[in-house]
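The following account leads the reader through one protein structure, from its sheets to its cores, its charged pairs and its surface. It is best read with the coordinates open alongside.

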Amino acid sequence: MSVIYWEEEIETLPRQGLESIQLKRLQHLVSRVYETVKPYRKKMVDVGVLPKDIKTLNDLQKLPFTLKEDLRDNYPFGMFTLPLEDIVRVHASSGTTGKSTVVGYTKKDIDTWANLMARALACAGATRGDMVHNAYGYGLFTGGLGAHYGAEKLGATVIPVSGGNTKRQITIMRDFKSTVLLSTPSYALNLAETMEQMGIDPQTLSLRVGIFGAEPWSENMREEVERKLNLKAVDIYGLSEVIGPGVSMECLQTTKGMHIFEDHFLPEIIDPETGKALQPGERGELVFTTLTKEAFPVIRYRTKDISSLYYDVCECGRTLVRMEKVTGRTDDMLIIRGVNVFPSQVEHVLMGVEGVEPHYQIVVEREGSMDVMSVEVEVSDSSFSDEIKYLEQLTKRITRDIKDILGVTCNVKLVNPRSIQRSEGKAQRVIDKRKF
Ligand code: DLL
């Protein structure tokens, strides 16, 4: 398989060259935010670090972290480095609690982002000959417009279909001969299911590759989506605070982790408890410093996403560090009677069981002083018509597997096919009623 690069020189640059670019950019960034953003200056003064103290890349660790709360405290535009006349676009991420986080872009930032998304699409083998079906939501969410500009920059044909209206999407996909699908993995499943209901065989479509991200998805989910949509599924990662989609991207050669576009985003992995740096290969919280953004750069932004970094050169020839697939966030870890549970682990178990569908929801409640976790999962049409005895066995098997793998006892409820609400963007996997 031949490798397609968008910017070969930088994507394959030996580490020393890359680090020298990173250092120059970091020094420039730190001086700029020190001069222009009061909250950053105050934090630096509080810990006694000045821009001139950043002499090596390791000196990054002297700088204070930036938290989501910092952005919220300065809502909406207090962390921008430039006046609003220079800002040509804003996006916002809603989050689950409190005020949204607002991010801004200059004209140059939009160009940088489009370029990085073009790089990401090329990583997945896309070219100007492709018909890109962009089902990420358009709007304040960065997915739709971020991917759109990248696909245009690549020179591909973009279908700005956004999320929802699923049947129409499939008709378009068939008639326009879409070759690249962009969506959340949960929406990809929704598309697959609707396709089946419409009697359309994915083999008759032209889809070649699916670029899925914006939410965690397991390896088992990858197999499921690949089989159901007859395409190769690759992972894309990003977050609004850092730029949007296009922070890192899996290549077609290994599909083992995503290449971080390190000439623009400097990654670290830290211990979420102590804030100390962890070694390559060690799993912890991902932290990013943006090196080239103008309007809204971030310094040591704590993503709460859990991953690890590995620096071995990839089969695709890219020297850019890879980050392990994000399987959870420090803040969506559920503590069930003292046991740490990540929704992705539940997904992993469910996807390994025959007779159930990849549509599930985890409900956590408190009964007296006890946490009770229920896993609701849809049975497939074929098992639905099976005998009660079979369904009882299936329930027992899932309960046992979850207990064996996660160490927690839960109530498994098999529910009717198509009874769990389908996602049109990011799926809601957990309903934690304990908070209310
Ligand atoms: O989700 C940006 C994006 C759009 C990425 C389209 C990829 C594709 P936010 O809405 O700010 O931005 O949400 C960011 O989503 O911190 C992760 O927790 C999660 N996330 C994003 N990509 C992945 C992924 C967009 N590939 C938050 N795997 C991040 C797991 C992901 N989680």
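The paragraphs below take up these topics in turn.

The structure is a predicted model. A convenient starting point is the open sheet of nine strands, in which the order is β4-β3-β5-β6-β7-β8-β9-β14-β13 and the pairing is mixed. Its edges are formed by β4 (157–159) and β13 (309–310), each of which pairs on one side only. Within this sheet, strand β5 (residues 180–183) runs parallel to strand β6 (residues 209–213), and four bridges join the two. Leu 181 has Gly 210 in β6 as its bridge partner.

Strand β10 (residues 265–270) belongs to an antiparallel pairing: six bridges join it to strand β11 (residues 284–290). Phe 265 has Thr 290 in β11 as its bridge partner. In a regular strand, side chains alternate between the two faces of the sheet. Phe 265, Pro 267 and Ile 269 point one way from β10, while Leu 266, Glu 268 and Ile 270 point the other way. Are these residues buried or exposed? They are all buried, and β10 is accordingly described as mostly covered, with six of its six residues buried.

A further set of pairings is centred on strand β19 (residues 370–379), which is mostly covered, eight of its ten residues being buried. Strand β18 (residues 356–367) pairs with β19 in the antiparallel sense over nine bridges, and the bridge partner of Val 364 in β19 is Met 373. The two strands form a hairpin with two residues between them. In the turn, Gly 368 has a positive phi of about 65 degrees. β19 also pairs with strand β20 (residues 411–415), here in the parallel sense and over five bridges. In this pairing, Val 377 stands opposite Leu 414 in β20.

The nonpolar interior comes next. In soluble globular proteins, nonpolar side chains tend to be buried together. Here the largest nonpolar core holds 75 residues, and the members that touch the most others are Ile 211, Tyr 237, Met 249, Phe 265 and Phe 288. Helix α5 (residues 107–123) gives the most to this core, with nine residues. A second, separate core has 47 residues, including Phe 212, Trp 217, Ile 336 and Val 353. Ile 211 of the largest core and Phe 212 of the second core both fall within the range of strand β6, residues 209–213.

Which residues does Tyr 237 touch, if those up to four places away in sequence are not counted? Its contacts include Gly 244, Pro 245, Gly 246, Val 247 and Ser 248, as well as Met 258, Leu 286 and Phe 288. Thr 303, Asp 305, Met 323 and Val 326 are also among them.

Charged side chains provide a further set of links, and the count comes to 34 salt bridges. Glu 11 and Arg 318 meet in one of these, at 2.7 Å from N to O. Glu 11 lies in helix α1 (residues 8–11) and Arg 318 in the loop between β13 and β14 (322–323), so that the pair links parts of the chain 307 residues apart. Both residues are buried.

A second salt bridge joins the side chains of Arg 422 and Glu 193, at 2.6 Å from N to O. Arg 422 is in the loop between β20 and β21 (430–432), Glu 193 is in helix α8 (residues 185–197), and 229 residues separate the two. Arg 422 and Glu 193 are likewise buried.

A third salt bridge is formed by Asp 235 and Lys 325, at 2.8 Å from N to O. It connects strand β7 (residues 232–239), where Asp 235 is placed, with the loop between β14 and β15 (328–329), where Lys 325 is placed, across 90 residues. Both Asp 235 and Lys 325 are buried. Elsewhere, salt bridges that share partners join Glu 224, Arg 227, Lys 228 and Glu 357 into one network.

The surface completes the account. Phe 77, Leu 84 and Val 90 make a nonpolar surface patch of about 240 Å². Val 90 is located in strand β1 (residues 89–93). Why does Val 90 count as partly exposed? It does so because its relative accessibility is 37%, and the partly exposed class lies between the cut-offs of 20% and 50%.

Note on methods
Residues are numbered from 1 along each chain as its sequence is written. This is a predicted model: local features need pLDDT of at least 70, side-chain atom pairs count only at pLDDT 80 or more; totals for chains, interfaces and linings use all residues. Side-chain values use heavy atoms; hydrogens and water are left out. Patches are made of residues with over 30% relative accessible area and no salt bridge: like charges are joined within 9 Å, nonpolar side chains (Val, Leu, Ile, Met, Phe, Trp, Tyr) within 5 Å. Accessible areas come from the Shrake-Rupley method with a 1.4 Å probe; for residues, only the protein chains shown count as cover. A salt bridge is a side-chain nitrogen of Lys or Arg within 4 Å of a carboxyl oxygen of Asp or Glu. Buried means under 20% relative accessible area, exposed over 50%, partly exposed in between (1.4 Å probe, protein chains only). A nonpolar core is a set of buried Ala, Val, Leu, Ile, Met, Phe, Trp, Tyr and Cys residues joined through side-chain atoms within 4.5 Å. Contact means heavy atoms within 4.5 Å. Two strands pair if DSSP finds at least two bridges between them.
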